[in-house]
Amino acid sequence: MKALNRILDRAHQAPKRIVLCEGEDGRVLQAAERATRQGIAAILLVGARARIETAAAEHGVDLAGIELVDPADSPLTPELTRVLHGLREKKGMTREQAEQEVGKPLCFANLLVRQGHADGSVAGAVHTTAEVVRSAIQLLGLEPGCKLVSSFFLMMLCQPFHSLKGGLIFSDCGLVIDPDAEQLSHIAMAAADSARALLDEAPRVAMLSFSTHGSARHAAVDKVVEAAHRVKAQRPGLAIDEDVQLDAAIVAEIAERKLPDSRVKGNANVLIFPDLEAGNIGYKLAERIGGAEAIGPLLQGLTRPANDLSRGCSAGDIVNVIAVTTVQAQAAAARGGAAPCR
């Protein structure tokens, strides 16, 4: 079974409550209908009810089975206003300002997740990445032990012409521009957790570099090596290769020649890029030239699932992210809440 089909199947087996806050967008409405019909999530659409219903009629979307939540008349609005005011009062937010913010669908959606009224949120078809990430950090917070939120792409290699089959985690390709060694170690550990949750297999991490096992000397290589050492100290059982070139990370024969003591042995399913420049180029090469399907950018390091979308996304892209968010929520429920990122 294709890696993406496995995720869709797992979402279908135990659907979670996923909240969308851009319900006037046709793509979001179509995705909500498809996700509901496929049974991969129970969808909540937050926004002005009349405008959502008008948009649904214009796009021929059936809202049956989808819960519409309008902040203007929701019985949850007073509770969420109290919560937001409590969170931001020390930052100078007044009660009146909290009421205004809770009226905004993105804020309302993440507060639903925070309070357990929903299991995860998806936004970004209309909102910018900065807006989505800022709201998630402020309202959901970081996992214990995590010092930053990072992103990853779930890269699907499922076509007949792919010699390497299955799913891969690419991180960070969309958020942290130039991580230092400590930040890079947190990205690697969070990505390993993402692989375990989404790929349903043990993570095998490659810390990518232009050097393999000290074949080159440079400060950029030193950063990758230090990050790997930090990960090994905190997670001694994790299979991880430090300063490894891409070919040695994913081709067993090359790994055997270049890195005979490798624990990953050329079979990495988590690729950690040294900076955003490399990561962004890497995932787009894999997508545009390699024909991989890129799902994301997805967020990691938060207490509860909240994922971003590209503003150029299709309805199908949104459905895939909804499925991923459901599986992330399943993993969070299985571990009884946020797991330490350490």
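**A quick tour: one histidine, one sheet, two helices**

The side chains of His127 and Glu22 are joined by a polar contact of 2.8 Å. Keep in mind that this is a predicted model. Beyond that contact, we'll look at an open sheet of 6 strands and at how helix α8 packs with helix α9.

**Around His127**
- You'll find His127 in the loop between β4 (120–123) and α7 (129–140).
- Leaving out residues up to four places away in sequence, His127 touches Cys21, Glu22, Leu106, Val132 and Arg311.

**The sheet**
- Reading across the open sheet, the strands go β8-β7-β9-β6-β5-β10, and the pairing is mixed.
- The edges belong to β8 (239–244) and β10 (293–300); each has a single partner strand, so one side of each has no neighbour in the sheet.
- From one strand to the next, the twist averages 20°.
- Strands β6 (residues 166–171) and β9 (residues 270–272) run parallel and are joined by 3 bridges.
- Ser171 sits opposite Ile272 in β9.
- Helix α9 packs on this sheet, touching β7 (204–208) and β8, and its direction makes about 165° with that of β8.

**Helices α8 and α9**
- α8 (residues 181–199) packs with α9 (residues 219–234) at an angle of about 55°, and their axes are 8 Å apart.
- That angle makes α8 oblique to α9.
- The crossing of α8 past α9 is right-handed.
- On the α8 side, the contact is made by Ala181, Glu182, Leu184, Ser185, Ala188 and Met189; α9 brings Lys223, Val224, Glu226, Ala227, Arg230, Val231 and Gln234.
- Sorted by type, the residues of this contact come out as 7 nonpolar, 2 polar and 4 charged.

Notes: Residues are numbered from 1 along each chain as its sequence is written. This is a predicted model: local features need pLDDT of at least 70, side-chain atom pairs count only at pLDDT 80 or more; totals for chains, interfaces and linings use all residues. Side-chain values use heavy atoms; hydrogens and water are left out. Axes are lines fitted to C-alpha atoms, for helices over the stretch in contact, and angles run from 0 to 180 degrees between N-to-C directions. Helices (H or I, at least four residues) and strands (E, at least two) are DSSP runs, numbered from the N terminus. Angles under 35 degrees count as roughly parallel, over 145 as roughly antiparallel, 65 to 115 as roughly perpendicular and the rest as oblique. A crossing is left-handed if the near helix is turned anticlockwise from the far one by less than a right angle, and right-handed if clockwise. Contact means heavy atoms within 4.5 Å. Ala, Val, Leu, Ile, Met, Phe, Trp, Tyr, Cys and Pro count as nonpolar, Asp, Glu, Lys and Arg as charged, and the others, Gly among them, as polar. A polar contact is a pair of N or O atoms within 3.5 Å; within protein, one must be able to donate a hydrogen and the other to accept it, and residues adjacent in sequence count only if both atoms are side-chain atoms. Two strands pair if DSSP finds at least two bridges between them.
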